[in-house]
Protein chains: 2
Amino acid sequence: MFSSSEENYLKAIYHLSLASTKGISTNAIANKLATKASSVTDMIKKLADKNMLVYKKYQGVTLTEKGKKTAANIIRKHRLWEVFLVEKLNFSWDEVHDVAEQLEHIKSPKLINEIDALLGFPKYDPHGDPIPDKNGALHQIEKSLLASLKIKEKGICVGVNDSSATFLQFLDKQGIALGKEVEVVDKEDFDNSMTIKINKKAITISNKIANNLYIQKL
Amino acid sequence: MFSSSEENYLKAIYHLSLASTKGISTNAIANKLATKASSVTDMIKKLADKNMLVYKKYQGVTLTEKGKKTAANIIRKHRLWEVFLVEKLNFSWDEVHDVAEQLEHIKSPKLINEIDALLGFPKYDPHGDPIPDKNGALHQIEKSLLASLKIKEKGICVGVNDSSATFLQFLDKQGIALGKEVEVVDKEDFDNSMTIKINKKAITISNKIANNLYIQKL
DNA sequence: AAATAAATTTAGATAAGGCTAAAAATAAAT
DNA sequence: ATTTATTTTTAGCCTTATCTAAATTTATTT
């Protein structure tokens with residue numbers, strides 16, 4: 001059994017591993033968890049003792065298969081709870097993160113399996129992120145950043161790269177939601193801003209926005 | 001904000017206070033929480049500093065109004081989660097306690113209010129215990145221990161005094177459930193066992209059983 | 001009322017998780 | 001190839017929540 005703190009480390013390392021093939025550095029973990037490098041060193045020693053990851057001094061860490069599976073299971077719980085909050089409890093997608101962050105640590109296999117069933121075994125969370133299955137496998141769909149689309153290309157909004165409340169609320173205000181169709185109308189070389197058509201209306205968004213919205217090309 | 005540990009102390013003291021008019025002793029708390037008296041002394045000092053209870057050395061403790069309200073709110077969460085688990089997630093009444101013990105510490109007013117609404121604002125948990133309202137008020141119904149009924153008296157099962165899995169499973173096996181009608185057919189002076197009629201069948205139960213089942217007299 | 005028993009508190013330790021500051025190792029730059 | 005900068009680790013300390021053992025207070029007996 002793992003403490004909430006250990007689980008948070010595993011989750012952070014798992015997320016960092018997706019974006020890198022090399023070992024994950026102490027500093028990267030410290031940064032992700034808003035903690036200090038010295039604290040990370042202590043914890044990764046502990047997780048290495050528990051065979052959750054491989055650690056060689058000064059070389060960063062790599063999750064073992066057991067570590068990956070454990071982390072994926074926590075992420076599975078987090079994302080299933082997010083779906084539950086939105087689908088059953090009238091939470092909006094910008095309100096779910098902090099609560100799911102607590103709920104993911106509840107220990108009860110039956111609980112999460114029943115939640116999964118109640119929701120009809122969803123495959124994606126409210127932000128478009130895939131929900132790992134019971135074995136920890138992820139079925140990622142083909143998706144591109146909106147920023148990478150060329151003029152005239154069309155696609156469906158399928159996910160966000162930033163789940164902060166401010167960004168999500170901005171999308172709400174602009175009428176941008178998962179499942180909606182967008183078309184790139186124009187791109188500006190100077191600042192990489194782009195004009196897109198969504199809800200039959202043209203709106204202009206900055207490059208920062210376009211770099212945080214995932215599209216499935218049509 | 002309170003730690004899970006602080007919340008558990010408040011809850012334990014609240015429960016003990018219901019069964020006693022005097023201050024709650026250090027030992028009683030230690031016993032309830034399966035911890036040591038010295039640990040209790042430390043914690044009640046901390047809770048006294050936070051104005052949750054009044055503590056005078058060697059004299060036991062009494063919850064303040066704030067302490068009562070805080071404790072009632074935790075119990076409210078516990079019991080609402082129990083109802084949720086039984087009503088929505090196919091848990092049986094002997095499976096809910098440990099999970100609710102974890103869920104009661106989740107911090108999110110919106111979460112528990114939405115759960116309450118989803119369940120239709122229930123007034124009792126699966127064991128027949130009343131759910132405190134948002135102000136911490138309990139609406140206890142009139143109930144008696146089955147052991148106190150005389151021969152020929154009838155009533156409806158409305159609660160249990162012991163929520164352990166073994167006791168609840170025993171009740172299941174005997175076909176005893178909340179809402180069912182029982183009649184005392186006979187009582188044995190020697191061991192205080194009694195024969196009751198339930199589900200149109202007569203069964204004999206020990207005094208220990210009869211002392212853990214609450215009845216609303218008819 | 002004094003002596004014994006029981007309950008409670010204090011003192012000192014421990015473990016988990018985190019921090020700061022200093023030391024050591026690795027990486028980058030001249 | 002040294003020097004400098006950055007990263008990582010170690011060492012020592014803090015807090016929370018425990019515990020054991022000893023000391024103290026209250027309760028109970030004789």
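This is a short talk on how two protein chains touch each other and two DNA strands.

Okay, hi everyone. One thing before we start: what you see above is a predicted model. I'll go through the contact between chains A and B, then DNA strand D, then DNA strand C.

So, the two chains. How many residues does each chain bring to the contact? Chain B gives 19 residues, and chain A gives 19 residues as well. People often describe how big an interface is by the accessible area that is lost when the parts come together. Here, chain A and chain B bury about 1600 Å² between them, and 71% of that is on carbon and sulfur atoms. Now look at the chain B side: B:Leu89, B:Gln102 and B:Lys110 lose the most area to chain A, and together they make up 29% of what that side buries.

Keep B:Lys110 in mind, please. What does B:Lys110 form with A:Glu95? A salt bridge, with the closest N and O atoms 3.8 Å apart. The count of salt bridges between the two chains is 2. There are also 6 residue pairs in polar contact between chain B and chain A, counting pairs with both residues at pLDDT 80 or more.

Where on chain B do the touching residues sit? Three elements of chain B give two or more residues each to that side: helix H4 (65–89), helix H5 (96–103) and helix H6 (109–118). H6(B) has the largest share, with 5 residues. If you sort the chain B side by class, you get 10 nonpolar, 4 polar and 5 charged residues.

Right, on to the DNA. Which residues are closest to strand D? Of the 20 residues that surround DNA strand D, the closest are A:Lys45, A:Tyr55, A:Lys57, B:Ser39 and B:Lys46. And which part of the strand do they meet? Of the strand D atoms that come within 4 Å of the protein, 79% belong to sugar and phosphate.

Let's zoom in on some side chains of chain A. A:Tyr55 has a side-chain N or O atom 2.4 Å from a phosphate oxygen of DNA strand D. For A:Lys57, that distance to a phosphate oxygen of strand D is 2.5 Å. A:Thr41 joins in too, with a polar side-chain atom 2.9 Å from a phosphate oxygen of strand D.

Both chains take part here. In chain A, helix H2 (26–32) and helix H3 (37–49) each supply at least two residues of the surface near strand D, and so do helix H1 (4–18) and helix H3 (37–49) in chain B. By class, this surface has 5 nonpolar, 10 polar and 5 charged residues.

Last stop, strand C. There are 19 residues around DNA strand C, and A:Ser3, A:Lys46, B:Lys45, B:Tyr55 and B:Lys57 come nearest. Sugar and phosphate account for 83% of the strand C atoms within 4 Å of the protein.

B:Lys57 puts a polar side-chain atom 2.5 Å from a phosphate oxygen of strand C. From chain A, the side chain of A:Ser39 has an N or O atom 2.7 Å from a phosphate oxygen of strand C. A:Tyr58 meets another kind of atom: its side chain has an N or O atom 3.3 Å from a sugar or linking oxygen of strand C.

And which helix gives the largest share of the surface near strand C? That's H3(B), with 4 residues. The classes there come out as 5 nonpolar, 10 polar and 4 charged.

That's my tour, thanks for listening!

Definitions and conventions: Residues are numbered from 1 along each chain as its sequence is written. Chains are lettered from A and ligands numbered from 1 in the order in which they are written. This is a predicted model: local features need pLDDT of at least 70, side-chain atom pairs count only at pLDDT 80 or more; totals for chains, interfaces and linings use all residues. Side-chain values use heavy atoms; hydrogens and water are left out. Contact means heavy atoms within 4.5 Å. Buried area is the accessible area (1.4 Å probe) that two parts lose on being put together, summed over both. A salt bridge is a side-chain nitrogen of Lys or Arg within 4 Å of a carboxyl oxygen of Asp or Glu. A polar contact is a pair of N or O atoms within 3.5 Å; within protein, one must be able to donate a hydrogen and the other to accept it, and residues adjacent in sequence count only if both atoms are side-chain atoms. Ala, Val, Leu, Ile, Met, Phe, Trp, Tyr, Cys and Pro count as nonpolar, Asp, Glu, Lys and Arg as charged, and the others, Gly among them, as polar. A residue is near a molecule or strand if one of its heavy atoms lies within 4 Å of it.
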